[in-house]
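Here is a friendly briefing to read with the viewer open. The notes are grouped by topic, so feel free to jump to the part you need.

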Amino acid sequence: MPPIARIEPLTTARAIRGPFDYRLPPALQHVQVGALLVVPFGGRDVLGVVAELTDTTEVAPEKLAEPRSAVEPGIPAELVGLARWIADEYCSTTARALALVLPPGAGRATTPRVRTRRVLVAELTHGGRAALETGQEAAAPGDGAASEGASTPGNAAAPGRAAAPNRAVRLTPKQRLVLENLADAGPLPAAQTGADHGSLRRLADRGLLLLEQRERRRRPTHTAVGARNGGAPPRLTLEQVKALEPIVTALGAADGTLNPAERRFLLHGVTGSGKTEVYLQAAAAALDAGRSVIVLVPEIALAPQTVARFQARFGDTVAVLHSQLGQGERYDEWMRLRRGEARICVGPRSAVFAPLDDVGLVIVDEEHEPAYKHEGDPRYDARRVAARRAHDEGAVLLSGSATPRPESVHALRRLRMLRRVDGRPLPPVEILDMRDARHPLHPVTREALADVRRAGRKAIVLVNRRGWSNFLSCRSCGKVWQCPDCDVALVLHRSQRAVSCHHCGHSERVPSTCPDCGSVTLARHGAGTERIEQELIDAIGDPGFPVLRLDADTTATKGAIARALVRFDAAPAGVLVGTQIVAKGHDFPDVTLGVVLDADQTLRFPDFRADERTYSLIAQLAGRAGRGPHGDGRVLVQTLATDERAIIAAAAHDSDGFLAGELARRELLRYPPFASLIRVVCSSEQLSQAHAAADAVMRMIDAPGAQVLGPAPLFRLRGRERSQLVVKATQRRAAVQSVAAAVDAVARTPLGRRVSLSADVDPQ
Ligand code: ADP
Ligand code: ZN
Ligand code: ZN
């Protein structure tokens with residue numbers, strides 16, 4: 001019986017469910033699980049991944065097709081297992097999940113789009129070195145020295161043969177310079193030697209240097225914001241020591257002596273308590289134990305300091321993987337990880353798929369961030385995948401946050417750090433009641449900002465909404481400007497002279513009159529980042545006190561976020577105003593004031609995580625204030641909801657109290673972590689069809705302990721009517737399987753073909 005490979009063809013079609021059996025020809029019998037093979041499939045050649053190897057098949061082996069060839073590099077076998085798990089866990093297909101773990105540039109095409117870059121490199125040989133030491137300069141100027149041809153021609157692989165120790169080699173001044181360059185700098189790309197190809201070739205022919213094609217790594221470049229500490233680890237605080245100890249113990253524990261739950265930690269430490277230092281030292285311990293490390297950050301643009309600190313500590317052992325890299329850079333970083341040249345991978349959620357061997361530690365920084373959830377199929381949550389990967393590899397999971405999710409508090413071993421490294425208290429938080437306010441900035445806020453300017457310090461102002469105002473209405477007839485394709489109001493962006501939809505991108509010119517009644521008086525409601533920026537400039541801005549805005553409108557281009565952060569960091573004083581981006585993880589020492597405008601805005605979302613988000617937003621912003629040598633920070637929270645639990649708890653820095661209350665509430669209402677949620681959305685041009693499909697799915701869901709809510713209408717999006725089901729399940733596995741089966745079955749009906757269905761496990 002020839003060996004059989006079970007292969008997943010990489011197609012996106014949902015209806016195709018592999019793996020399919022292929023017979024391995026003699027030339028491919030050495031392939032492993034994870035190998036990429038070109039296989040005939042449905043009348044054409046496609047790329048496929050070997051999911052299993054076997055020697056049994058239900059079909060007669062001679063009837064099986066044979067793969068044509070292998071494509072290098074393949075995927076590590078563990079990642080194939082992880083992808084198959086993701087497909088099941090998130091109602092997707094194995095082919096789509098495998099697409100997450102492919103080498104950069106390998107896609108559905110049967111030839112990879114990126115390869116290792118090779119360049120011609122010149123390196124001094126022993127002979128060349130000897131020539132420099134003993135050689136004399138040729139009398140005749142120019143390259144065509146008389147001694148050329150004296151050595152074996154055309155044999156670059158014979159270093160040293162030409163320069164017999166006792167025979168002086170003649171070199172022109174130019175040749176000597178080239179060799180001296182190589183002696184100083186080591187091997188150089190031919191283009192950087194200062195000599196043309198012909199001259200190099202002649203020196204190589206004389207055995208004085210070696211010329212060959214070598215791999216040349218494309219190094220990611222990125223803007224580092226204030227990596228303030230160099231390589232040497234500081235002395236840990238007592239709290240850091242205590243947090244690190246059980247982590248290091250778990251890293252050193254032999255296989256099987258700890259159960260998986262004992263290897264999962266939550267580092268719950270206030271902002272500035274030195275969590276990153278704990279990550280760094282835990283990573284060092286993992287490397288010492290000969291194992292590799294994955295470090296997940298929510299968004300690479302927001303984590304330049306974390307990346308820089310890992311690079312400063314571990315140098316080239318660190319590889320970064322993220323979508324802002326060029327494809328060549330990404331490929332080279334991936335290969336460095338694959339070959340074990342780099343042992344730490346830092347990156348956003350996709351870095352959980354780093355092709356590392358023997359992972360010993362998986363770190364999830366700022367684990368509360370929603371960015372860990374992937375919004376395309378498969379809709380995986382990198383935090384859950386991280387836990388799974390750690391489990392599979394017997395690794396330690398280390399999640400960290402100042403505002404952890406109730407889910408993590410419930411499931412992980414918690415390590416608490418209550419004090420900032422610098423010993424300063426967290427800044428006081430004042431709640432400002434905006435119910436009678438006539439201006440978007442409370443008088444106390446204005447005064448505090450003026451103080452910051454007088455003192456020459458910095459402030460951060462958070463407005464959770466971009467644009468100028470939230471919506472426009474006609475003062476005479478009350479018409480509200482809405483998106484034609486979505487049931488939402490259009491937001492005014494004054495600098496673009498447009499009103500636009502934040503859901504689909506539809507944009508139109510700012511109206512001057514009402515089309516319904518002809519009135520010219522239009523009202524603008526609410527204030528977004530653009531308007532607040534202007535208010536701040538009017539109130540306090542001057543050339544010595546710049547107002548910088550950071551939101552999706554100002555950071556649309558690649559690298560813009562990092563540039564804005566660098567500018568703010570470098571400015572001696574000023575204000576940074578923006579959306580949530582401004583509250584995330586930055587460490588600016590001279591920020592003394594943090595302001596949250598409309599703190600209740602996130603509370604108004606109809607989402608069971610609204611309180612958690614609000615708490616975290618305020619606490620994270622508070623974490624940016626008062627970090628530096630100037631002492632006391634101060635935080636102001638403007639809100640209409642002065643007695644909301646999340647806001648009061650955040651003002652009191654009462655993380656434990658907030659989490660306890662949140663867990664009690666969720667247990668009562670059966671929300672995560674006490675149940676899993678699965679959301680099914682059916683969309684169609686007609687609401688009745690969307691509802692009918694949702695209804696059909698609902699009737700097919702059959703899982704013990706699952707409660708199905710809906711169908712309920714969702715607002716129209718991109719011209720499509722939507723209907724939603726929410727499944728609350730206590731037995732996750734069974735519920736996910738049942739929902740996946742129901743969605744697939746309905747999708748195959750005539751109705752299902754007119755509706756698009758999607759299932760989202762653990763929706764955000
Ligand atoms: P967190 O991630 O908990 O907000 P960081 O890790 O950013 O905190 O630490 C805050 C600051 O304190 C950083 O500038 C960091 O370099 C510094 N720091 C951390 N640990 C120590 C230590 N043990 N001694 C001195 N400085 C430290
Ligand atoms: Zn009108
Ligand atoms: Zn729209």
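Please keep in mind that this is a predicted model. A good place to begin is helix H9 (residues 327–338), which lies across S13 and S14 and runs at about 140 degrees to S13. Those two strands belong to an open sheet of seven strands with parallel pairing, and the bullets below start there before moving on to a smaller sheet, a helix pair and two zinc sites.

**The seven-stranded sheet**

- Across the sheet, the strands follow the order S13-S14-S12-S15-S16-S11-S17.
- Its edges are strand S13 (318–320) and strand S17 (413–417), each of which pairs on one side only.
- From one strand to the next, the twist averages 20 degrees.
- At the S17 end, strand S11 (residues 264–269) and S17 are joined in the parallel sense by five bridges.
- To find this pairing in the viewer, look for Leu 266, whose bridge partner in S17 is Arg 414.
- Helix H8 (residues 304–314) lies across four strands: strand S12 (292–296), S13, strand S14 (344–347) and strand S15 (359–364).
- The direction of H8 makes about 150 degrees with S13, while for H9 the angle to S13 is about 140 degrees.

**The three-stranded sheet**

- A second open sheet has three strands in the order S9-S6-S10, and here the pairing is antiparallel.
- Strand S9 (188–189) and strand S10 (209–215) each have a single partner strand, so one side of each has no neighbour in the sheet.
- Strand S6 (residues 118–124) and S10 run antiparallel and are connected by seven bridges.
- Within this pairing, Glu 123 is found opposite Leu 210 of S10.
- Helix H5 (residues 197–205) packs on this sheet, where it touches S6 and S10, and its direction is at about 115 degrees to that of S10.

**A helix pair**

- Helix H15 (residues 610–624) and helix H17 (residues 655–669) have axes that come within 11 Å and cross at roughly 170 degrees.
- The two helices are therefore roughly antiparallel to each other.
- On the H15 side, the contact is made by Asp 611, Glu 612 and Tyr 615.
- On the H17 side, the contact residues are Ser 655, Phe 658, Glu 662, Arg 665 and Arg 666.
- Taken together, the residues of this contact comprise five charged, two nonpolar and one polar.

**The zinc ion (ligand 2)**

- Its protein donors are the SG atoms of Cys 474, Cys 477, Cys 514 and Cys 517, at 2.2 to 2.4 Å from the ion.
- The four donor atoms make angles of 101 to 116 degrees, and the site is tetrahedral.
- Along the chain, the donors of this ion are spaced C-x2-C-x36-C-x2-C.
- Cys 474 sits in strand S20 and Cys 514 in the loop between S23 and strand S24 (522–525), so this pair ties together parts 40 residues apart in sequence.

**The zinc ion (ligand 3)**

- Cys 483, Cys 486, Cys 501 and Cys 504 supply the protein donors through their SG atoms, which lie 2.3 to 2.4 Å from the ion.
- This site is tetrahedral, with angles of 107 to 112 degrees among its four donor atoms.
- The sequence spacing of its donor residues is C-x2-C-x14-C-x2-C.
- Cys 483, in the loop between strand S20 (471–474) and strand S21 (491–493), and Cys 504, in the loop between strand S22 (498–500) and strand S23 (507–509), link distant parts of the chain, 21 residues apart.

Definitions and conventions:
Residues numbered from 1 in each chain as written. Chains lettered and ligands numbered in written order. Predicted model: local features only at pLDDT ≥ 70, side-chain atom pairs only at ≥ 80, totals over all residues. Heavy atoms only, no water. Pairing = 2+ DSSP bridges. Axes fitted to C-alpha atoms, helices over the stretch in contact; angles between N-to-C directions. Contact = heavy atoms within 4.5 Å. Parallel < 35°, antiparallel > 145°, perpendicular 65-115°, else oblique. Nonpolar A, V, L, I, M, F, W, Y, C, P; charged D, E, K, R; others polar. Donors = N, O, S within 2.8 Å, 3.2 Å for Na, K, Ca; no water. Tetrahedral: all angles 85-135°; square planar, octahedral: opposite > 155°, others 65-115°.
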